[in-house]
Amino acid sequence: MSNADGDQQISLSRTFKYLLATQFLSRGIPFLFNSWIVRHLTAQDYALYAVQFHLFVTCILFLTREGFRRACLRADIKCDGPLRDENASKLLKVAWLALPLGLIITTAACCFVFWWQGLSYSSPYAQAILINGLACLLELLAEPLYILSQNLLLLQLRLIVETVATLARCLTLYMLLVNKTYTEKAIVFALSQTAYGASLFLGYWSYFIVFHTSTISSLFPFRFGNMMNYDAQLSKMCTIFTLQSFRKLILQEGEKIVLVWFDTPYNQAVYGVVEKLGSLVVRMVFLPFEESSYTTFARSASGKDPNRIRKLGNSLTEALKLVLLIGLVFIAFGPSYSYSLIRLLYGQKWSDGEASAALQYYCLYIIVLAMNGTSEAFLHAVATENELKRSNNSLLFFSVGHIILNVSLVKRAGAIGLIAANSFSILTQSPGAFSFLKCLPSGWTIFLFSATAKKGLLLIELSASEIIQTELPSTTDYLLCASIF
C-alpha cells in the first residue's frame, strides 16, 4: 500500500470517527429528550415543533449554506501549510458571502410566512417566526468559521460545539416547559432554537479568537480597496451548488412542504414522530459516513495520481457495500419491532395510530437513503462544472415530479404515502440507482428472507390490562449476520 493510500484511509477513518461521535451526541440527546416531549405535547403543538418550525429553519439554512459547504470543502485550498494565512483569507472571503445571502433568504421566508398565514406582529406565531429567523442568522454568523474548521480538520471542535449547542437547546426547551411559564408554546420552541444558534456562534468564535490566536481582521479578511478580490472559480462553484440546493431542497424537504400545505396537524405530528425516530440511524451513521466520504472523495479527485479513477471507483463500491448492508439489517428486523418501539417510547396514544405502520415503511426507506447519500457525495466530489450543471437541470425535472407524487399520495395514504413517494423519487434520481445491486454483499437474499420469516413469539406485559406481541430473531439470523460481515 502506498503512503497516499495509507493517509487516505487514516483520514477517512479519523473523519468518520469524529463525525459519528458528533452525530451520536447531537442526535442521541434530542432523541432521549424527544421521548419525554412527545408525551407532554398535544399533536398540534408537536406538529408545530417537529414539522412546521423545523421546515422553516431547514429551508433557510439549507438554501444559504449548503452550496458554500459543498464548494469550499471540495476546493483544493489547504489552510494548514506554509501559505496558511493567504489560503485561509481566500477561503473566508468566499465563505462570508453566505451571510448576506442568508439575510436575504431569511427576510424573504419571514415575509412569505406572514403573507401566507395572514399574521400580525402581535401574534405569538408571528413572533416565533421572527425569533427563528434570528436564530438562523446567529448560525450563519458562525458558518465561515465552521467551513474553516472543517478545512483544518478540527473535528473535535465540531464535536464539542455541536454537543454543547444541542444540550443548550434541549435544556432551554425542557426548563420552559417544566416550569409551565405563561409563554406561548410557539415562542418556547423558537427560544430553544435561538439558544442552539447562539451556542454555535459563541463556540466557534471563542475557539478561533481565544485558542487559535486568530484576530478579528484575519477572520473577516475584507479590506477597502480589495473587497472584490476573491477566488472567482470558488465563487462560481458556490453559485452552482447553491442553485442546485434550491432544487435539492424540494427532494429533501418536499414531503414536509406538502404536509404543511395539504394535511392536518395530526398527520404532521405522526410524520414528525416517525421521521425523528426512523431517521436516527440515517443521521447518526449514514450522515457522518457521507460527510467523511465526501471529504475523502474530493481530496482524492483533486490529486494527480494516474490511478485515481480506479481507486475512486473501488472506494465508492466499498462504501456502498457498507451502508447497504446496514440498511438490509433495518429492513430485516425493523418492521417487526415498530409497534413495540413506539409503544415503549411514546405510549399508546401514538402506537395505536398510524405511526406504527408508517415506521414499518420507513425501515424500508432507510436503505434508499443509504444508497442515495453516498452516491450523491461521490457525484458532488468528483463531477466537473458541466456535469454539475447537467445534474442541476435534471433535478428540476425530478423536483416537479416529486411534488406531484407527494401531493397525490398524501391524500390517499397520509404519512405512508409520503414515505412511498420519497422512496420512488430518490430511486429514480439517485446517481447509483441502477447499479447498487452489484454492491450488495453476498448472501443478502438469504439473510433478508430468514430475518423476515415468522419466528417465536414473546409476550411483553406493558400494563395490567394489555400486552404486545413481538417477533424475536432466531439464532440463525445472528449467524447469517456474522457470516455476511
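A quick definition before I start: helices here are DSSP runs of H or I, at least four residues long, numbered from the N terminus. Keep that in mind for helix α10. Also, this is a predicted model.

Let's begin with the enclosed spaces. The structure holds two cavities of 30 Å³ or more. I'll take the second largest. Its volume is about 40 Å³. Which residues line the second largest cavity? They are E66, G67, R70, F241, Q244, S245, K248 and H380. Both α2 and α10 supply at least two residues of that lining. Helix α10 gives the most, with four residues. By class, the lining of this cavity has one nonpolar, four polar and three charged residues.

Now look at two of those lining residues, E66 and R70. E66 forms a salt bridge with R70. The closest N and O atoms are 3.1 Å apart. Both residues lie in helix α2, four residues apart, which is about one turn of the helix. Are they buried or exposed? E66 has a relative accessible area of 16%, so it counts as buried. R70 is at 10%, so R70 is buried as well. The cut-off for buried is under 20%.

On to salt bridges in general. Side chains of opposite charge can pair when their charged atoms come close. How many salt bridges does the structure hold? Seven.

One of them joins R69 and E143, with the closest N and O atoms 2.7 Å apart. R69 lies in helix α2 and E143 in helix α6, residues 143-151, so this pair ties together parts that are 74 residues apart in sequence. E143 is buried, because its relative accessible area is 2%.

Next, K256 and E275. They form a salt bridge too, with the closest N and O atoms 3.8 Å apart. This pair links distant parts of the chain. K256 sits in helix α10, E275 sits in helix α11, residues 265-278, and the two are 19 residues apart. K256 has 2% relative accessibility, so K256 counts as buried. E275 has 9%, so E275 is buried too.

There is also a network. R65, R69, E139 and E143 are joined into one by salt bridges that share partners.

Now the open space. The largest pocket holds about 510 Å³. It has 22 lining residues, and the closest to its centre are L55, F56, C59, F112 and V113. Which elements give two or more residues to this lining? Four helices do: α2 (43-74), α4 (98-117), α5 (124-141) and α10 (232-262). What about residue class? The pocket lining has 20 nonpolar residues, two polar and no charged. Set that beside the second largest cavity, where the lining has three charged residues. Helices α2 and α10 come up in the linings of the largest pocket and of the second largest cavity.

Last stop, the surface. L167, L171, Y174, M175 and V178 form a nonpolar patch there. Together they have about 440 Å² of accessible area. L167 is found in helix α7, residues 155-178. Is L167 buried or exposed? Neither: L167 is at 38% relative accessibility, so it counts as partly exposed. That class runs between the buried limit of 20% and the exposed limit of 50%.

To recap: a pocket lining with 20 nonpolar residues, seven salt bridges, and a nonpolar patch on the surface.

Notes
Residues numbered from 1 in each chain as written. Predicted model: local features only at pLDDT ≥ 70, side-chain atom pairs only at ≥ 80, totals over all residues. Heavy atoms only, no water. 1 Å grid on protein atoms, 1.4 Å probe; cavity = no way out; pocket = protein on both sides within 12 Å on 5 of 7 lines; lining within 4 Å. Points joined across faces, edges and corners; volume = space filled by probe spheres on them. Nonpolar A, V, L, I, M, F, W, Y, C, P; charged D, E, K, R; others polar. Patch = residues over 30% accessible without salt bridge, like charges linked within 9 Å, V, L, I, M, F, W, Y side chains within 5 Å. Areas by Shrake-Rupley, 256 points an atom, 1.4 Å probe, with all protein chains shown as cover. Salt bridge = Lys/Arg side-chain N within 4 Å of Asp/Glu carboxyl O. Buried < 20%, exposed > 50% of the residue type's maximum accessible area, 1.4 Å probe, protein only.
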